[in-house]
Amino acid sequence: GAGGVDESKPLKVSIYAGLAGKSTMDMSNIYPYEALGNEYFVMAREGSSGDDSHSEALVMATEDNTEIEIYPTCLLEGQSATDLLTPVKITLNRGQTYQIRAHSADAGAIGKTDLTGTIIRTKQDDVNKCKRIAVFAGTQHSKPGDFEYDQMFPTHLWGNEFLVVPTEDNAVPIIRIGASRPCTEVKINGQYVTTLNQTDFYQYKDTNREGILVEASQPIQVALFTYERSGSEDNDASMVVLAPVRQMLNTIMFTPSDNPGSCDYHRVAITTPKGNGTNVKFYELISGSWSEIAISSWNPTISDKYETATMPLNATSSYKLETSTEGFNAFVYGWGPDRSEYSYSVGSSAVPVESGFNLNSSGNEYSDKELNRG
């Protein structure tokens, strides 16, 4: 094929998507079909005041006649305060989508307006339980007033350990931790904080911006929200569902968001096991060739087990991270004037208990022994 590309073989690509406006944006990692599952829990936040402020979730089917069950944790748009929480049951064909929105915060005193913890799954019968769906969630104008958006991890890709790195945008990180199983014990920085049941979540505010280590007795989902950015008149926000430590990558290509006029600063935050930083290589694509950039410094984390580094990015460039040893996790974020914060995970090895494959990575395979890493 043209340019020496073998057109008979599928290309391995990284895909990211997002919304971008004059004064708002957010981005998401887009998972390949192989990484999708049949059960998800929504991670979002309550909307700020206003009829255009909703906690939202969207499901997409990958096969025809996919029967889907949705179990909301709050009343939905169009319901009244006297309605009961009831399941939503729908059937979608391949490529069709269905969106739910929480009741607006301005629609009256009706209680919770946050879809966090909502279960979205295929009907658990022999016909539907092996069909894969994709779920996206977020908030249309969350508090303090910015859009938040990300793709959810299916429950079979959750993990028991997460490292949350503070961003360099002077934002106060809010961390939400969700559970899918009863009696899930959660520790932050080695200290027990709560026990979660199915659909529960726990919120932690990292006021000192030191970063935190989250550990749980059973698999959990963890999301980072940037919030209350110091020096920003509009206090923009963003949302990123973090990859668990056990889903570390060995290589990934990514690019920040090129949205002129919205974001002035772009960063990638990298985490790797302690002592492995010197083995992590960082490259920028310059004139068609990968040029290595020295990572300025590796810093210890709250936990003795990991170290982190943050590197600046050019909005119009592409980048690559790789290591031949223990792996890394990373997420990209950017900020600027108005409400133009964004963040997204660069990817995950997407290793479930039963098998291994790659989510937005360059094709490394993992053995059964490596499934237990981290």
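1. Sorted by class, the residues that line the largest cavity of this predicted model comprise eight nonpolar and four polar residues, with no charged residue in the lining. The residues concerned are Leu-163, Val-165, Leu-242, Ala-243, Val-245, Ala-269, Thr-271, Asn-329, Ala-330, Phe-331, Ser-345 and Gly-347.

2. As to which strands contribute, β19 (265–273) and β25 (329–335) each supply at least two residues of this lining, and the largest share, three residues, comes from β25.

3. The space within the largest cavity comes to about 130 Å³, and the count of cavities of 30 Å³ or more in the model is one.

4. A separate point concerns Thr-255, which is found in the loop between β18 (251–254) and β19. Is Thr-255 buried or exposed, or does it fall in between? Its relative accessible area is 30%, and Thr-255 therefore counts as partly exposed, given that buried means under 20% and exposed means over 50%.

5. Leaving aside residues up to four places away in sequence, Thr-255 touches Tyr-16, Ala-315, Ser-317, Ser-318 and Tyr-344. With one of these residues, Ser-317, there is also a polar approach to note, since a polar atom of the Thr-255 side chain lies 2.9 Å from the backbone oxygen of Ser-317.

6. Finally, Thr-255 can be placed relative to Val-332, a residue 77 positions away along the chain, for the C-alpha atoms of the two are separated by 8.4 Å.

Terms used. Residues numbered from 1 in each chain as written. Predicted model: local features only at pLDDT ≥ 70, side-chain atom pairs only at ≥ 80, totals over all residues. Heavy atoms only, no water. 1 Å grid on protein atoms, 1.4 Å probe; cavity = no way out; pocket = protein on both sides within 12 Å on 5 of 7 lines; lining within 4 Å. Points joined across faces, edges and corners; volume = space filled by probe spheres on them. Helix = DSSP H or I, 4+ residues; strand = E, 2+ residues; numbered from the N terminus. Nonpolar A, V, L, I, M, F, W, Y, C, P; charged D, E, K, R; others polar. Buried < 20%, exposed > 50% of the residue type's maximum accessible area, 1.4 Å probe, protein only. Contact = heavy atoms within 4.5 Å. Polar contact = N/O pair within 3.5 Å; in protein donor to acceptor, adjacent residues only side chain to side chain.
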